[in-house]
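Visitor: I would like to go through this structure one piece at a time. Please show it before we start.

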Amino acid sequence: MNKKRVVITGMGVVAPNAIGISKFEKALQAGKSGIQFHNDLKELNFSCQIGGIPEVSQELLDLNFTALEQKGLLATGLIYGGIAGQEAWEDAKLAKNDKLDIDTGVVFGTGILGVDKLREAFHKIDDKNVRRLGSTSVLQTMASGISAFLGGKLGCGNQVTSNSSACSTGTEALLIGFERIQHGKAKRMLVGSCSDSGPYVWGGFDALRILPYQYNDNPEMASKPMSADAAGFVPSSGAGALILESLESAQERGVKIYAEVLGGHINSGGQRQGGSMTAPNSTAVVDCISKAILDAQIHPNQIDLINGHLTATAMDATEIENWTIALGRSGKDFPYINSLKSHIGHALAAAGSIELVSSVLELNSGFIYPNINCEHIHPHILNKIDATKIPRRSMDKNINILAKASFGFGDVNACVILNSYHK
Amino acid sequence: MTSEAIQARLKTIVQPYVNHHENFENLSLESDFIADLEINSANLVDVVLDVEDEFDIRIENEDMEKMTNVKATVEVIQKKLS
């Protein structure tokens, strides 16, 4: 069976440094940080008192949620995902009406949804007041609450689901939607992911002592992927959304095409060979990247830019080494590489989708956004690749092929190959 | 409290949940929450919670089941207030 070509025709984003595609693109080029000090984290005795939280205005809420939908709405991930998903829909010039669209589905993932709503519910239940939870407790806290919300808002009649694979969730969501369209089971898929913000999501990571505690007075400097003094990942939140569409459908509708999805791969390291619940099995990472390249039917030499997972931990050097092995390229021959986490921290389940949006903007507009906070590149990384391949300033550069990977707890991996669209 | 006074306050309470605005404008004792006002059935529990808060009363499951239209709801509230 001939697989269908799949293109990206719409995008939406709610990130800590910018909300909306056009503002986000400007923030990327400027290397604008979205990391701030949060007093509630200090009051709660967090070691790491900084994080990335998108600033959603009441005006934006009113555009995306009815007054009734806003009643008792505490699930921040649902707010971010609801806004990003609807922005992508409008960006792709899809209609918002009462009709059922049987050819469009939703794969919108999350790690956990509505923790603040859960907290409210737990308090009421413990006070023997379960009867007063109200009607939206379930809708805001079921993992699929975000895909259910978007599916209903937009009238999607194809598969509507939420995937969950820790920090690879967003990249996995794109690949699930991609394959569904490739195989002719849907014409369009809204894919993406979201993550709640705040202490109840981030606490477990603070307890693991993997967040930086040295930058509470200097939050914008804290996220240092690939840096010699990287001190851990900065917790973040938000949502990214993309409309995937068969090339035929996009051409029929005559809409703008941002980029083409050439292929990808998803696997797991099985928590063997050095892999664990929290660390990746490098053999599986290399295998995931290699099979993505094979699936995309390209040669590794064609890759111009890598959007890494690169969280700002000791694993960054291992990730770089894995890329050099998978591509058979190193030193000055290595592609350019960047990490959005230097700007906005690690948005956990939302990371993959927000980073995919940033990658598509680079392909579409021809630039490479800077790695900020990376004055001193880690020596183990410099042993593998040339410093010029890690841009510290925004570069104007036409990019044809971009590789994006995400890795998550549970030793899970996802890699996507994108192409700037050629007719 | 008179039935009319309760009905007026109930009208304000149900407003955010209503999907049929014309029938809402013409709200009467006979108005059915689901059939006439097109309130989503899941939101009926929210109406009950808002009634509890507004009138400072507690409504048990048996009474709650009756509260599907304006008349029955006003009666339940009157009974609780007396």
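Visitor: How many Å does helix α6 of chain A reach from its first C-alpha to its last?
Guide: This is a predicted model. Helix α6 of chain A covers residues 115-126, which is 12 residues. At 1.5 Å a residue the expected span is 16 Å, and the helix comes close to that with a reach of 16 Å.

Visitor: Which residues of α6(A) are buried?
Guide: A residue counts as buried if 20 or more other C-beta atoms lie within 10 Å of its own. The cover over the buried residues of α6(A) includes α5 (76-91), α7 (137-141) and α10 (199-207) of chain A. The residues of α6(A) that are buried are V115(A), D116(A), K117(A) and A121(A).

Visitor: Which residue with a positive phi follows α6(A)?
Guide: The helix itself takes in residues 115-126 of chain A. The residue in question follows α6(A) and has a phi near 60°; it is K128(A).

Visitor: Which element supplies the largest share of the side of domain 1 of chain A that touches domain 2 of chain A?
Guide: The domain assignment splits chain A into domain 1 (6-259) and domain 2 (264-419). Their contact takes 58 residues from domain 1 of chain A and 56 residues from domain 2 of chain A. Several elements each supply at least two residues of the domain 1 side, including β1 (6-15), β7 (188-195) and β8 (238-246) of chain A. The largest share, 8 residues, comes from α9(A).

Visitor: How many residues on that side of domain 1 of chain A are charged?
Guide: Sorted by class, the side of domain 1 of chain A that touches domain 2 of chain A has 28 nonpolar and 25 polar residues. The number of charged residues there is 5.

Visitor: Why is β8(A) largely enclosed by the rest of the structure?
Guide: Side chains in a regular strand alternate between the two faces of the sheet. In β8(A), G238(A), G240(A), L242(A), L244(A) and S246(A) are buried on one side, and A239(A), A241(A), I243(A) and E245(A) are buried on the other. The strand is largely enclosed because of its count of buried residues, 9 of the 9.

Visitor: Which residue of β8(A) is the bridge partner of S193(A)?
Guide: β1(A) runs antiparallel to β8(A) and is joined to it by 8 bridges, with V6(A) standing opposite S246(A). β7(A) also pairs with β8(A) in the antiparallel sense, over 8 bridges. The partner of S193(A) in β8(A) is G240(A).

How values were computed: Residues are numbered from 1 along each chain as its sequence is written. Chains are lettered from A and ligands numbered from 1 in the order in which they are written. This is a predicted model: local features need pLDDT of at least 70, side-chain atom pairs count only at pLDDT 80 or more; totals for chains, interfaces and linings use all residues. Helices (H or I, at least four residues) and strands (E, at least two) are DSSP runs, numbered from the N terminus. The expected span of a helix is 1.5 Å times one less than its number of residues. A residue is buried if 20 or more other C-beta atoms lie within 10 Å of its own, exposed if 12 or fewer, and partly exposed in between; C-beta atoms are placed from the backbone. Two residues are in contact if their C-beta atoms, placed from the backbone, lie within 7 Å. Domain bounds come from an automatic or database domain assignment. Ala, Val, Leu, Ile, Met, Phe, Trp, Tyr, Cys and Pro count as nonpolar, Asp, Glu, Lys and Arg as charged, and the others, Gly among them, as polar. Two strands pair if DSSP finds at least two bridges between them.
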